[in-house]
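Colleague: I have not met this structure before. Please show it, then tell me what stands behind each word you use for it.

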Amino acid sequence: MDRERIEKAIREILFAIGEDPDREGLVDTPKRIAKMYGEIFGGMKVDPKDHLQVFFQEEKHEELVLVKDIPFYSTCEHHLVPFFGKAHVGYLPKNGKLTGLSKLARVVDDVAKRPQLQERITCSVADAIMEVLDPHGVIVVVEAEHMCMTMRGIKKPGSKTITSAVRGIFNTDAKARSEAMTLIKF
Ligand SMILES: Nc1nc2c(ncn2[C@@H]2O[C@H](COP(=O)(O)OP(=O)(O)OP(=O)(O)O)[C@@H](O)[C@H]2O)c(=O)[nH]1
Ligand SMILES: [Zn+2]
């Protein structure tokens with residue numbers, strides 16, 4: 001990431017809004033923001049699939065694995081303000097092909113740390129898991145509050161957006177999907 005360029009740009013923005021970027025409180029702000037961008041956009045060059053270490057379980061576990069309430073913070077690509085909430089990630093393993101539970105949360109983090117759309121986060125997580133684990137199916141539900149809808153614009157604090165992505169068996173088997181959804185809801 002080009003921190004110097006970010007610093008220059010932030011300084012320009014501060015000028016443009018009528019601020020004095022050299023006053024005491026702001027003098028280090030461009031540097032702080034460049035550092036922060038390194039963190040909140042740290043997923044730019046990361047392939048989320050890299051985290052999905054595969055291991056096999058001899059008993060060939062083929063029951064639902066669901067990690068729910070994974071908190072995440074992301075940045076809306078339209079306004080560059082935060083949106084945040086929880087992701088629920090489940091998959092139905094095939095032939096005992098599993099990954100570490102924390103790796104599912106790592107995929108969410110990687111995907112969230114870019115300028116994003118909630119829909120893209122949801123689909124990217126589902127597709128990464130499908131590709132690497134080749135499970136019977138994947139279900140991802142994301143619920144989030146968008147600050148571009150709460151602190152500005154339409155100003156609807158408390159409103160929540162829910163997106164889901166289902167792959168494989170969860171697409172074709174309504175019972176499997178509704179069982180997973182029930183576990184996600186409760
Ligand atoms: N589909 C989708 N839309 C989003 C997401 N984040 C923000 N938006 C929407 O992106 C849209 C951008 O609309 P524009 O009309 O270009 O921008 P705007 O004038 O700031 O829109 P308002 O928010 O309605 O004031 C808004 O409707 C936002 O609510 C997201 O993750 N997914
Ligand atoms: Zn927005």
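Modeller: Start with residue classes: Ala, Val, Leu, Ile, Met, Phe, Trp, Tyr, Cys and Pro count as nonpolar, Asp, Glu, Lys and Arg as charged, and the others, Gly among them, as polar. On that basis the shell around ligand 1 divides into 5 nonpolar, 4 polar and 1 charged residue. The model is predicted, and local features need pLDDT of at least 70, side-chain atom pairs pLDDT 80 or more, while totals for chains, interfaces and linings use all residues. Residues are numbered from 1 along each chain as its sequence is written, with chains lettered from A and ligands numbered from 1 in the order in which they are written.

Colleague: Which residues are around ligand 1?

Modeller: Cys76, His78, Leu117, Gln118, Glu119, His146, Cys148, Met149, Gly153 and Ile154. A residue is near a molecule if its C-beta atom, placed from the backbone, lies within 6 Å of it. Set against the classes, Glu119 is the charged residue of this shell, because Glu is listed as charged. Helix 4 (residues 118-133) and helix 5 (147-150) each supply at least two residues of the shell.

Colleague: What makes a stretch a helix or a strand?

Modeller: Both are DSSP runs, numbered from the N terminus: H or I over at least four residues for a helix, E over at least two for a strand. The protein chain has 7 helices and 7 strands. From the N terminus on, the elements run α-α-β-β-β-β-α-β-α-β-α-β-α-α. Strand 5 (115-116) therefore qualifies, as a strand needs at least two residues.

Colleague: What makes two strands a pair?

Modeller: DSSP has to find at least two bridges between them. Strand 2 (residues 65-76) and strand 3 (residues 82-92) run antiparallel and are joined by 9 bridges, so they count as a pair. Tyrosine 73 has phenylalanine 84 as its bridge partner in strand 3, and valine 67 stands opposite valine 89 there. These two strands form a hairpin with 5 residues between them.

Colleague: How many bridges join strand 3 to strand 6?

Modeller: 10, again antiparallel. The bridge partner of alanine 87 in strand 6 is valine 142, and that of glycine 85 is alanine 144. Strand 6 also pairs with strand 7 in the antiparallel sense, over 8 bridges. There, valine 138 stands opposite arginine 167 in strand 7.

Colleague: Which strands stand at the edges of the sheet?

Modeller: The open sheet has 5 strands in the order 5-2-3-6-7, with mixed pairing. Strand 5 and strand 7 (161-168) stand at its edges: each has a single partner strand, so one side of each is left without a neighbour in the sheet.

Colleague: Why is alanine 112 called buried?

Modeller: A residue is buried if 20 or more other C-beta atoms lie within 10 Å of its own, exposed if 12 or fewer, and partly exposed in between, with C-beta atoms placed from the backbone. Alanine 112 has 28 within 10 Å, so it is buried. This residue is found in helix 3 (residues 101-112). Not counting residues up to four places away in sequence, alanine 112 touches Gly43, Phe72, Tyr73, Ser74 and Ile121, where contact means that the C-beta atoms lie within 7 Å.

Colleague: What makes strand 3 largely enclosed?

Modeller: 8 of its 11 residues are buried, so the rest of the structure largely encloses strand 3. Strand 6 is mostly covered, with 8 of its 10 residues buried. Over the protein chain, 26% of the 186 residues count as buried.

Colleague: Why is aspartate 69 counted as exposed?

Modeller: Aspartate 69 has 10 C-beta neighbours inside 10 Å, which falls under the 12 or fewer of the exposed class. It lies in strand 2. Its phi is near 60 degrees, a positive value in a residue other than glycine. Most residues other than glycine have a negative phi.

Colleague: Why is asparagine 95 called partly exposed?

Modeller: Asparagine 95 has 13 other C-beta atoms within 10 Å, so it falls in between the two bounds. Its place is the loop between strand 3 and strand 4 (97-99), and its phi is positive, about 55 degrees, although it is not a glycine.

How values were computed: Two residues are in contact if their C-beta atoms, placed from the backbone, lie within 7 Å. Axes are lines fitted to C-alpha atoms, for helices over the stretch in contact, and angles run from 0 to 180 degrees between N-to-C directions.
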